[in-house]
Amino acid sequence: MRLVLLGPPGAGKGTQAKVLSGKLSLVHISTGDMFRQASKSGKELGRKLADYMNRGVLVPDEVVNQIVIERLSEADVKDTGFILDGYPRTKEQARVLDEALNDMGMHLDVVVYMKTSKKVILSRLTGRRICRQCGSIFHVQNIAPKVPGICDYCDGELYQRDDDKEDTVLKRLQVYQDQTKELIDYYTKNDVLKTVSGDLEVRQLYDVLYELFGSERLI
Ligand code: AMP
């Protein structure tokens, strides 16, 4: 199965993609995770990526497209299918993705739009904490760790992403709204879009998604 999770920052794409990719044995491809990883490399590209992310603006299409297409060309993707999380984010990225998949003899089965209210997004993102060591995601209220600041799974330190601070969150939301409407129109026209509520709790939304794919016989 080839799946895209689409939605504003804070919709829960990363959380759902992690669980679903494990359950359905799909490769999880998160552009945000790839960029955060690359930004630690100390290389020129990494520094540029960190700068875009810290300002809450999008990385240019050509850069993102190249990185994603390279990843999609790896053997595991073709064998097992994938969940794209955080990509595409613009109509141009969607167009390039369709073209690249077509060239590789693949196509998207479904694009899930996780429609989420601004209130929920703000609360989720500003309260989100991530483990430096294993990448597990917590929330100061909703998914509180047993010991504040410490990961339940590996005792790693929990930190707040720079771009989860309120000012940057508001900027990211604006960027999202500006770019993503036409992306939703694009996939609506292509008849692959399914809309679910990103306001649901993690477990409830997971059940909705699982039900959706099961009933579509896509797994
Ligand atoms: P995320 O973890 O998906 O919220 O992504 C974090 C940041 O990485 C975004 O605010 C952008 O700066 C950048 N980014 C991630 N995915 C994309 C994309 N598909 N296009 C452009 N920029 C992206």
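**Ligand site and second largest pocket**

In the predicted model, a polar atom in the side chain of Arg161 is placed 3.3 Å from an oxygen atom of the ligand. Taken by itself, the ligand would expose 480 Å², of which 96% is buried by the protein. Further polar contacts involve both side-chain and backbone atoms: an N or O atom in the side chain of Arg36 lies 3.0 Å from a ligand oxygen atom, while a polar backbone atom of Val57 is found 2.6 Å from an oxygen atom of the ligand.

The shell around the ligand comprises 16 residues, of which Thr31, Val57, Gly86, Arg89 and Gln93 are the closest. Helix α2, spanning residues 31–39, contributes four residues, the largest share of this shell. When the surrounding residues are sorted by class, seven are nonpolar, four are polar and five are charged.

Apart from the ligand shell, the pockets of the protein were also examined. The second largest pocket has a volume of about 200 Å³, and two or more of its lining residues are supplied by each of the elements α1 (13–24) and β6 (137–139). The lining consists of Thr15, Lys18, Gly135, Ser136, Ile137, Phe138, Ile143, Ala144, Asp152, Tyr153 and Val202; by class, these residues divide into six nonpolar, three polar and two charged. Charged residues thus number two in the lining of the second largest pocket and five in the shell around the ligand.

How values were computed:
Residues are numbered from 1 along each chain as its sequence is written. This is a predicted model: local features need pLDDT of at least 70, side-chain atom pairs count only at pLDDT 80 or more; totals for chains, interfaces and linings use all residues. Side-chain values use heavy atoms; hydrogens and water are left out. On a 1 Å grid over the protein atoms alone, a cavity is a set of points where a 1.4 Å probe fits but cannot get out, and a pocket is an open set with protein on both sides within 12 Å along at least five of seven lines; lining residues have an atom within 4 Å of a point. Grid points are joined across faces, edges and corners, and a volume is the space filled by probe spheres set on the points. Ala, Val, Leu, Ile, Met, Phe, Trp, Tyr, Cys and Pro count as nonpolar, Asp, Glu, Lys and Arg as charged, and the others, Gly among them, as polar. A residue is near a molecule or strand if one of its heavy atoms lies within 4 Å of it. A polar contact is a pair of N or O atoms within 3.5 Å; within protein, one must be able to donate a hydrogen and the other to accept it, and residues adjacent in sequence count only if both atoms are side-chain atoms. Accessible areas come from the Shrake-Rupley method with a 1.4 Å probe; for residues, only the protein chains shown count as cover.
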